[in-house]
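Subject: Structure handover and notes

Dear colleague,

I am passing this structure on to you, and I would be grateful if you could read the notes below alongside it.

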Amino acid sequence: MKVYTQQSSVPRAAVLGGGAWQLADLTALTVLFGKNGSGKSLLLRSWRDHNRIGTHYVVPERTGEFNYNANFLKPQLSAEERSQQSQRNFTPEYRSHTLARVQAYFMERGAGRAGAVGTPAPDELERFLSMLLPDFDVKLRSAVPPYRLSRASDGQEIKNVDQLSSGEAQLLSIGIDILTIAAIWELQAGVPRVVLVDEPDAHIHPDLQVRFADFLVQVGDRFELQFVVATHSTTLLAAIGQFGKENTSQIYMDRTKTELHAVPFSEALRELASVLGGHALMGPLFGVPLLLVEGDDDYRIWSQVPRHHITSFAVVPCEGQKIRQYQVSLERVFASLRDDAAMPAGFALLDGDQPLPVGDNPQQRHVRFLRTECREAENLYLTTDVLASLEPGLTWDAGCSRIEAAANQFGDKASRLAAVRSWDRVSDDVKVVISEISKILDPKGVHWTQRVGAAIGKQRPTGELARWLGAGVLDALWGESRPG
């Protein structure tokens, strides 16, 4: 990610008193946080109007059908004409405009999928879309329509927005919008590259907001984008801070103020926002436990699980060994909020290479420690359950053959990969090569954490996945198993 604008003077809407907003201390990812009516959208649209070159505004109401309209093609190559299409926060044919930009991207690139004249290539954009929609296959093409969308499970082609949930439709729309403008800027070597995203959380479930935050950070890193995101979702704020870290700041919007200083997203705020974003303090009071996990990858995995509606919990990322500090802090909080009960308020999940605390130090009356039976979350990717989700019938033996055949492509990691058949899948450290393994084994290039999260969440785990997670984890998060 990159900072193109650290300070800015933006004309202030007349309805708020006129003058100008003075923005200061902006970072690569700045969140405008505030309630409805605080001026977030007005500020973003005014910023867009004030500096149309190198600025792109993503409207909050992303409506219309996924239909291609050739009349929308030409304006997509002009920043001035693009901005005319988003004068308000409602664009009736928003989705048709974004699809037209797919064709504009292919025109700017100068080639179809084969003959790569310019980068980024379509398959790179598709990999980012797979982050948002791992249950779908998305193909971009220089044809009409300029995309093909199908369900990964059965190959069913999606031709109408009504075949998608509102959240899926929103993620597809906004994903294509951001990726195509980033790709065109990259092909045109355009600078600056500031993307103004207005209420991306609209109609998107909290766990999908986490996935979207991860998407923003990774796309921003790849294409050197600066983001300004308006939201009133504590979940999205928490997730952006978690993934963006030192690149993240927030402005607390107040319609009476003209001087707005971005505040760095500190470690303390990241902890508090994570709790607020996951509703962790409220959840246990109403029967939904929290789950403390050790870092970003665990957060990516476990935040997906509740969306399948088989089990429910609120996930709080804790940055490695700080999970023990968080457990102690929350144990004290819950001791003041609830009586001791048979059902804990939550759990702290440790990797299998760490010892479980014993005795009463720390206390575990409200937040209990759990531990997986495998070394780390990366090992779960090697279970037969996850492998089968990558490709029907894919076995560990077949996977080993592919890894051995591709090992020489990975430089100093080649010898480690070539020795794959000697690994103990449960207890060996595979963290250092997990990215290479997923590139070799997954034809869609979906991030390995999404594959693991989907496999865990779709049902109460069975087989290898159940054994590697362990009975303690399963009984805590899915309820105690009963003899059949």
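Contact here means heavy atoms within 4.5 Å, while helices (H or I, at least four residues) and strands (E, at least two) are DSSP runs numbered from the N terminus. The model is a predicted one, in which local features need pLDDT of at least 70 and side-chain atom pairs count only at pLDDT 80 or more, whereas totals for chains, interfaces and linings use all residues. Residues are numbered from 1 along each chain as its sequence is written, and side-chain values use heavy atoms, with hydrogens and water left out.

Let me begin with two enclosed helices. In helix 15 (residues 434-441), 6 of the 8 residues are buried (under 20% relative accessible area, with exposed over 50% and partly exposed in between, for a 1.4 Å probe and protein chains only), so this helix is largely enclosed by the rest of the structure. Its buried residues are I434, E436, I437, S438, I440 and L441, and their cover includes helix 11 (377-380), helix 12 (384-390), helix 13 (396-406), helix 14 (414-418) and helix 16. Helix 16 (residues 448-457) is itself largely enclosed, because 9 of its 10 residues are buried; among them are W448, R451 and I456.

I456 also belongs to the largest nonpolar core (a set of buried Ala, Val, Leu, Ile, Met, Phe, Trp, Tyr and Cys residues joined through side-chain atoms within 4.5 Å). Of the 125 residues in this core, I178, F212, F227, W302 and I456 touch the most other members, and helix 5 (residues 166-188) gives the most to it, with 12 residues.

Beyond its neighbours within four places in sequence, W302 is in contact with residues including F313, I456 and W478. The search of the whole structure finds 7 aromatic pairs (rings of Phe, Tyr and Trp, the last by its six-membered ring, with centres within 6.5 Å; planes under 30 degrees apart count as stacked, over 60 as edge-to-face and the rest as tilted). The rings of W302 and W478 have centres 6.5 Å apart and planes at 55°, so this pair is tilted. Because W302 lies in helix 9 (residues 296-302) and W478 in helix 18 (residues 471-478), the pair ties together parts that are 176 residues apart in sequence. Both W302 and W478 are buried, and together with F313 they form one aromatic cluster.

With kind regards
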